[in-house]
Amino acid sequence: MNTDQVKGTLKDAAGKVQENFGELIDSPEQEAKGIAKQVEGTAQKKVGDLKEAIHDASEK
């Protein structure tokens, strides 16, 4: 697991927390920020997955 995968996973989790908090306090702005953070985290994790796949392929 590389740093992009870890950071992406953490951003995704933080985004979920922020989205749920926004729902709890009835704040569409916080919900939207949480969703955006989740998308960013998922994208970063995918970049990390791609980097790892390239690294694994180059070792063969």
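Ala 14 is partly exposed, because its relative accessible area of 32% falls between the 20% below which a residue counts as buried and the 50% above which it counts as exposed. In this predicted model, Ala 14 lies in helix H1, and a residue of the other helix can be found across from it: Ala 14 and Gly 34 are 20 residues apart in sequence, yet their C-alpha atoms are 7.4 Å apart in space.

Gly 34 is a useful place from which to continue. Gly 34 is found in helix H2, and at 0% relative accessibility it counts as buried. Once the neighbours within four places in sequence are left aside, Gly 34 is in contact with Gly 15, Gln 18 and Glu 19. Two further C-alpha separations can be read from the position of Gly 34: Asn 20, 14 residues away along the chain, is separated from Gly 34 by 8.0 Å, while Gly 22, 12 residues away along the chain, is separated from Gly 34 by 7.9 Å.

Gly 22 itself is found in helix H1, and, with a relative accessibility of 0%, Gly 22 also counts as buried. Its contacts, again without the neighbours within four places in sequence, are with Ser 27, Gln 30 and Glu 31.

The chain then passes through the loop between H1 and H2, which is the place of Asp 26. Asp 26 is exposed, with a relative accessible area of 64%, and its backbone deserves a look, since most residues other than glycine have a negative phi. Asp 26 has a positive phi of about 60°, although it is not a glycine.

Beyond the loop comes helix H2, which runs over residues 28–58. At 1.5 Å a residue, the 31 residues of H2 should span 45 Å, and the C-alpha atoms at the two ends of the helix are in fact 45 Å apart, so the expected and the computed span agree. Within H2, the buried residues include Gly 34, Gln 38, Gly 41, Gln 44 and Gly 48. What covers the buried residues of H2? Helix H1, residues 3–24, is included in what covers them.

How, then, are the two helices arranged with respect to each other? H1 and H2 pack at an angle of about 165°, and their axes are 7 Å apart. Because angles over 145 degrees count as roughly antiparallel, H1 and H2 are therefore roughly antiparallel to each other. The crossing in which H1 passes H2 is left-handed. The residues that make up the contact of H1 with H2 divide into three nonpolar, 13 polar and 15 charged, a division in which Gly is counted among the polar residues.

Two more residues, one from each helix, extend this picture. Gln 5 lies in helix H1, and at 7% relative accessibility Gln 5 counts as buried, the cut-off being 20%. If residues up to four places away in sequence are not counted, Gln 5 touches Lys 45, Gly 48, Asp 49 and Glu 52; of these, Gly 48 has already appeared among the buried residues of H2.

Glu 40, by comparison, has its place in helix H2. Is Glu 40 buried, exposed or partly exposed? With a relative accessible area of 43%, Glu 40 is partly exposed. From Glu 40 to Gly 8 there are 32 residues in sequence, whereas in space the two are 7.3 Å apart, C-alpha to C-alpha.

Technical notes
Residues numbered from 1 in each chain as written. Predicted model: local features only at pLDDT ≥ 70, side-chain atom pairs only at ≥ 80, totals over all residues. Heavy atoms only, no water. Helix = DSSP H or I, 4+ residues; strand = E, 2+ residues; numbered from the N terminus. Expected span 1.5 Å × (residues − 1). Buried < 20%, exposed > 50% of the residue type's maximum accessible area, 1.4 Å probe, protein only. Contact = heavy atoms within 4.5 Å. Axes fitted to C-alpha atoms, helices over the stretch in contact; angles between N-to-C directions. Parallel < 35°, antiparallel > 145°, perpendicular 65-115°, else oblique. Left-handed = near helix turned anticlockwise from the far one by under 90°.
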